[in-house]
Amino acid sequence: MAYDPVEAREMPYATMDAKIGISLNSLMVLRRYADRDLHWAGADGVLLVTRQGRVMATNGLDQDLMKTSLWTPDPIVDQMPASGHSVRIVDLKAKDLYGIALDCQWYDFGPEEIDIFGQKYKVNKITEDCSDRHDRWSFQNIFWRDQNNFVWKSIQNFSPGVPAVEFSILKPAK
């Protein structure tokens, strides 16, 4: 790890730890708010855009997620119970794939405790099992959110053939 998570929590900015696949953990700092979206920037030029803990877009990766559109209520973005079915549409830059419809099923596995670099949080583990409508791509996302619906940690897939992005919030945005 190229940074000290304790020092990152003491910064005057919101910070998160992020990792894609087997890469090293990277510190990302909140660059700006735009409506409900948080734009997180890493020293390597990678940008993640999140909304209530859901990765909505990326920039600076080999295969970027250009856009996410929610067609139905999303239990993470809309901070609702994690059960049932949702649909969202994604656009992927490198593969020139636009309008990929993802059908997702939600499951809440109940309470557990997680440790993020020495800080413990009581959360619910939530999974989202998704596949595109042509059954070419299926994946599972995992979210750990607290009783206030704040996502402290997640593992999310955003493009076929690309490792999942895992992030943990070190210091939340205020």
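## Exercises on a predicted model

A disulfide joins Cys104 to Cys130, with 2.2 Å from S to S. The model is predicted.

**Exercise 1. Locate the disulfide in the chain and find its handedness.**

Solution.
- Step 1. Count the bonds: the structure holds one disulfide.
- Step 2. Check the distance. Two cysteine sulfur atoms must lie within 2.5 Å. Cys104 and Cys130 have an S to S distance of 2.2 Å.
- Step 3. Place the ends. Cys104 lies in strand β8 (residues 97-116) and Cys130 in strand β9 (residues 119-132). The two are 26 residues apart, so the pair links distant parts of the chain.
- Step 4. Read the torsion about the S-S bond. For Cys104 and Cys130 the value is about 110°, so the disulfide is right-handed.

**Exercise 2. Decide whether Cys104 and Cys130 are buried or exposed.**

Solution.
- Step 1. Recall the cut-off: buried means under 20% relative accessible area.
- Step 2. Take Cys104. Its relative accessibility is 1%, so Cys104 counts as buried.
- Step 3. Take Cys130. Its relative accessible area is 4%, so Cys130 is buried.

**Exercise 3. Describe the surroundings of Ile116.**

Solution.
- Step 1. Find the element: Ile116 sits in strand β8.
- Step 2. Test burial. The relative accessible area of Ile116 is 2%, so this residue is buried.
- Step 3. List the contacts, setting aside neighbours within four places in sequence. Ile116 touches Arg9, Tyr121, Trp152, Lys153, Ser168, Ile169 and Leu170. Contact here needs heavy atoms within 4.5 Å.
- Step 4. Set sequence beside space for Phe143. Ile116 and Phe143 are 27 residues apart in sequence. Their C-alpha atoms are 14 Å apart.

**Exercise 4. Judge whether the radius of gyration of the protein chain agrees with a compact globule.**

Solution.
- Step 1. List the elements. The protein chain has one helix and 12 strands. From the N terminus, the helix is followed by the strands.
- Step 2. Set the expectation. For 174 residues, a compact globule would have a radius of gyration near 16 Å.
- Step 3. Compare. The protein chain has 15 Å, which agrees.
- Step 4. Add the box. Along the principal axes, the C-alpha atoms fill roughly 45 × 35 × 30 Å.
- Step 5. Add burial and contacts. Of the 174 residues, 47% count as buried. Among contacts with a separation of 6 or more, 39% join residues 24 or more positions apart.

**Exercise 5. Summarise the surface and charge of the protein chain.**

Solution.
- Step 1. Take the accessible surface: about 9000 Å², with 50% belonging to carbon and sulfur atoms.
- Step 2. Count the charges: 20 positive and 24 negative side chains.
- Step 3. Locate the two sets: their centres lie 3 Å apart.

Methods. Residues are numbered from 1 along each chain as its sequence is written. This is a predicted model: local features need pLDDT of at least 70, side-chain atom pairs count only at pLDDT 80 or more; totals for chains, interfaces and linings use all residues. Side-chain values use heavy atoms; hydrogens and water are left out. Helices (H or I, at least four residues) and strands (E, at least two) are DSSP runs, numbered from the N terminus. Buried means under 20% relative accessible area, exposed over 50%, partly exposed in between (1.4 Å probe, protein chains only). The radius of gyration is taken over C-alpha atoms; the globule rule is 2.2 Å times the number of residues to the power 0.38. Accessible areas come from the Shrake-Rupley method with a 1.4 Å probe; for residues, only the protein chains shown count as cover. Lys and Arg count as positive and Asp and Glu as negative; His and the chain ends are not counted. The place of a charge is taken as NZ of Lys, CZ of Arg, CG of Asp or CD of Glu.
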